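Reader: I am new to this structure and would like to get to know it. Could you walk me through it step by step?

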Amino acid sequence: MNDSERLAIAAHLHVALRRKTGRVTDTEWMASDTAYGQAMAQFALNHARSNQDAELERLALRFAASLPGAPAPAAAAVGAAAAGPAADAVAPGLVASAKRYVGGLR
């Protein structure tokens, strides 16, 4: 996936996070910095699962799959949506990144 596609997905995720959680993100940083992107994807997934928000979960999984080093989108987006709790394996290391970046934002 090229940078402009990843940026477009990050923009959609940014809008959804702003509307649904009040979280303001840096779209360009999210698309270019893998650790920050993973942290925001994990934040979105946690919020989506706790509030049963299928749209936000779909966006978060799609964005996580677009990041460098992520599993193939077919395995992440299609399999994870139906897998439920097993979908936490979408991108290893998200939890560690989330602790580092999410706590420092806002």
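Reader: Hello! How many helices and how many strands make up the secondary structure of the protein?
Author: Welcome! This is a predicted model, in which local features need pLDDT of at least 70, side-chain atom pairs count only at pLDDT 80 or more, and totals for chains, interfaces and linings use all residues. Residues are numbered from 1 along each chain as its sequence is written, and side-chain values use heavy atoms, with hydrogens and water left out. Helices (H or I, at least four residues) and strands (E, at least two) are DSSP runs, numbered from the N terminus. From that end the elements run α-α-α-α-α-α, and the count is 6 helices and 0 strands.

Reader: What share of the residues in the protein is buried?
Author: Buried means under 20% relative accessible area, exposed means over 50%, and partly exposed lies in between (1.4 Å probe, protein chains only). Of the 106 residues in the protein, the buried ones make up 42%.

Reader: How far does helix α1 reach from its first C-alpha to its last?
Author: Helix α1 covers residues 3-21, which is 19 residues. The expected span of a helix is 1.5 Å times one less than its number of residues, and for α1 that gives 27 Å. The computed reach is close to this, at 26 Å.

Reader: Which helices are included in what covers the buried residues of α1?
Author: The buried residues of α1 are Arg 6, Ile 9, Ala 10, Leu 13, His 14, Ala 16 and Leu 17. Their cover includes α2 (27-32), α3 (34-50) and α4 (54-66).

Reader: Let us look at one of those residues. Which residues does Leu 17 touch, not counting residues up to four places away in sequence?
Author: Leu 17 has its place in helix α1 and counts as buried because its relative accessibility is 0%. Phe 43 is 26 residues from Leu 17 in sequence, yet their C-alpha atoms are 9.2 Å apart in space. With contact meaning heavy atoms within 4.5 Å, Leu 17 touches Gly 22, Arg 23, Thr 25, Met 40, Phe 43, Ala 44 and Leu 56.

Reader: Where does the charged end of Arg 23 sit?
Author: A charge sits over a ring if NZ of Lys or CZ of Arg is within 6 Å of the ring centre and within 35 degrees of the ring normal. The charged end of Arg 23 is 4.4 Å from the centre of such a ring, and the ring belongs to Phe 43.

Reader: Which residue forms a salt bridge with Arg 6?
Author: A salt bridge is a side-chain nitrogen of Lys or Arg within 4 Å of a carboxyl oxygen of Asp or Glu, and the structure holds 5 of them. Arg 6 is buried, at 7% relative accessible area, while its partner is exposed, at 57%. The two are 3 residues apart in helix α1, so about one helical turn separates them. With the closest N and O atoms 3.0 Å apart, the partner is Asp 3.

Reader: Which residues are linked with Glu 55 in a network of salt bridges?
Author: Glu 55 meets Arg 19 in a salt bridge of 3.7 Å, N to O, and this pair links helix α4 with helix α1 across 36 residues. Glu 55 also meets Lys 20, at 2.9 Å, N to O, a pair 35 residues apart that again joins α4 and α1. Arg 19 is exposed at 54%, whereas Lys 20 is partly exposed at 26%. Besides Glu 55, the network holds Arg 19, Lys 20 and Asp 53.

Reader: Which two residues form the aromatic pair, and how far apart are their ring centres?
Author: Rings of Phe, Tyr and Trp (its six-membered ring) pair if their centres lie within 6.5 Å; planes under 30 degrees apart count as stacked, over 60 as edge-to-face and the rest as tilted. A search of the whole structure finds 1 aromatic pair. Trp 29 and Tyr 36 form this pair, which is stacked with 10° between the planes, and the centres are 3.9 Å apart.

Reader: Is Gln 52 buried or exposed?
Author: Gln 52 lies in the loop between α3 and α4 and has a positive phi near 50°. Most residues other than glycine have a negative phi. With a relative accessible area of 75%, Gln 52 is exposed.
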